[in-house]
Amino acid sequence: MRRASIVAACVFLLGLPRVAHASSSDELVASARRAEAAHEDDVAVRRYTEALALDGTHEEAWLALGALRTRLGDVAEAEHVYSACIARLPGSTKAHLARADALHALGRLPEAVAEVELVARADPSVRRRVAGYYMSDGLYPAALAAWRSLLVSGAAEGNDGLVKEARAMIRALVLFAKPLDPAAYPTSTSRSRVWLGVIARRGG
């Protein structure tokens, strides 16, 4: 199915009332999954679209359709699908994070970060994703700042696992960010600044 046709279908679905055919929509999604496994991608797209025609709030169908478009290399179309899902299901954490990944893949980093932040209000730990975006883009000082933020939120929440992970990442990242990280490598020779630098390099 051409991109324009899929976008038009998604937009059309937003105006449809929810139909009480949960079992039928679930069956269509299951059929689409089987079609994907058999590499019948066009059939899978049709089945997901049909499932959404029956139930426009079927989160799994939206997410699976977006993931399929991503796998096929049409990330822009996937982003449209996730946006359509969010319009119908604004509380879908998975859709927000999937859209953030799509935005990042499209080179729209600020929008991707903003999308993650919508979820981070309730779960600060998802900012790992933001740190990952920065790292993949070679923005090590920004990634370091993100992990330091995660360290603070993890400590505040008593999340020992996140604290341990953040400290490990900080220790690794200071090596990459050394020339640009005044917190870990201060230019001042004052004793207090030197000790703060030691603490920063250790990850807090």
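**Figure 1. Overview of the fold, starting with its contacts.** Of the contacts in the protein with a separation of 6 or more, 51% are between residues 24 or more positions apart, a contact being heavy atoms within 4.5 Å. This is a predicted model, where local features need pLDDT of at least 70 and side-chain atom pairs count only at pLDDT 80 or more, while totals for chains, interfaces and linings use all residues. Residues are numbered from 1 along each chain as its sequence is written, and side-chain values use heavy atoms, with hydrogens and water left out. The protein has eleven helices and zero strands; helices (H or I, at least four residues) and strands (E, at least two) are DSSP runs, numbered from the N terminus. Read from the N terminus on, the elements go α-α-α-α-α-α-α-α-α-α-α. Buried residues account for 43% of the 204 residues (buried is under 20% relative accessible area, exposed over 50%, partly exposed in between, with a 1.4 Å probe and protein chains only).

**Figure 2. His 39, in the loop between H2 and H3.** Here we're looking at the link from helix H2 (22-37) to helix H3 (41-54). His 39 has a phi near 65°, a positive value in a residue other than glycine. For context, most residues other than glycine have a negative phi. With 65% relative accessibility, His 39 counts as exposed.

**Figure 3. H3 packed on H4.** H3 and helix H4 (residues 59-71) pack at an angle of about 155°, their axes 9 Å apart. Axes are lines fitted to C-alpha atoms, for helices over the stretch in contact, and angles run from 0 to 180 degrees between N-to-C directions. H3 and H4 are therefore roughly antiparallel (angles over 145 degrees count as such, under 35 as roughly parallel, 65 to 115 as roughly perpendicular and the rest as oblique). The crossing of H3 and H4 is left-handed, a label used if the near helix is turned anticlockwise from the far one by less than a right angle; clockwise would be right-handed. On the H3 side, the contact is made by Asp 41, Ala 44, Val 45, Tyr 48, Ala 51 and Leu 52. H4 brings Ala 61, Trp 62, Ala 64, Leu 65, Leu 68, Arg 69 and Arg 71. Sorted by class, the contact of H3 with H4 has ten nonpolar, no polar and three charged residues. The classes go like this: Ala, Val, Leu, Ile, Met, Phe, Trp, Tyr, Cys and Pro are nonpolar, Asp, Glu, Lys and Arg charged, and the others, Gly among them, polar.

**Figure 4. H5 against H6, with His 96 in the contact.** The axes of helix H5 (residues 75-88) and helix H6 (residues 93-105) come within 9 Å and cross at roughly 155°. H5 and H6 are therefore roughly antiparallel to each other, and their crossing is left-handed. From H5, the contact uses Val 75, Glu 79, Tyr 82, Ser 83, Cys 85 and Ile 86; from H6, the residues are Ala 95, His 96, Ala 98, Arg 99, Ala 102, Leu 103 and Ala 105. By class, that's nine nonpolar, two polar and two charged residues. His 96, in helix H6, is buried, with a relative accessible area of 9%. Leaving out residues up to four places away in sequence, His 96 touches Ile 86, Pro 90, Glu 115, Leu 118 and Val 119.

**Figure 5. The H7 and H8 pair.** Helix H7 (residues 109-120) and helix H8 (residues 127-136) have axes that come within 9 Å and cross at roughly 165°. That makes H7 roughly antiparallel to H8, and the crossing is left-handed. In H7, Leu 109, Ala 112, Val 113, Val 116, Glu 117 and Ala 120 meet Arg 127, Arg 129, Val 130, Tyr 133 and Tyr 134 in H8. The class tally is eight nonpolar, no polar and three charged residues.

**Figure 6. The buried face of H8, and what follows.** Val 130, Ala 131, Tyr 133 and Tyr 134 are buried in H8. Seen down the axis of H8, these buried residues fall within an arc of 155°, so they line one face of the helix; the arc is that of the directions from the helix axis to the C-beta atoms. They pack against H6, H7 and helix H9 (140-157). After H8 comes Gly 138, with a positive phi near 75°. Pro 141 is in helix H9 and is partly exposed, at a relative accessible area of 33%. Pro 141 and Ala 131 are ten residues apart in sequence and 9.9 Å apart in space, C-alpha to C-alpha.
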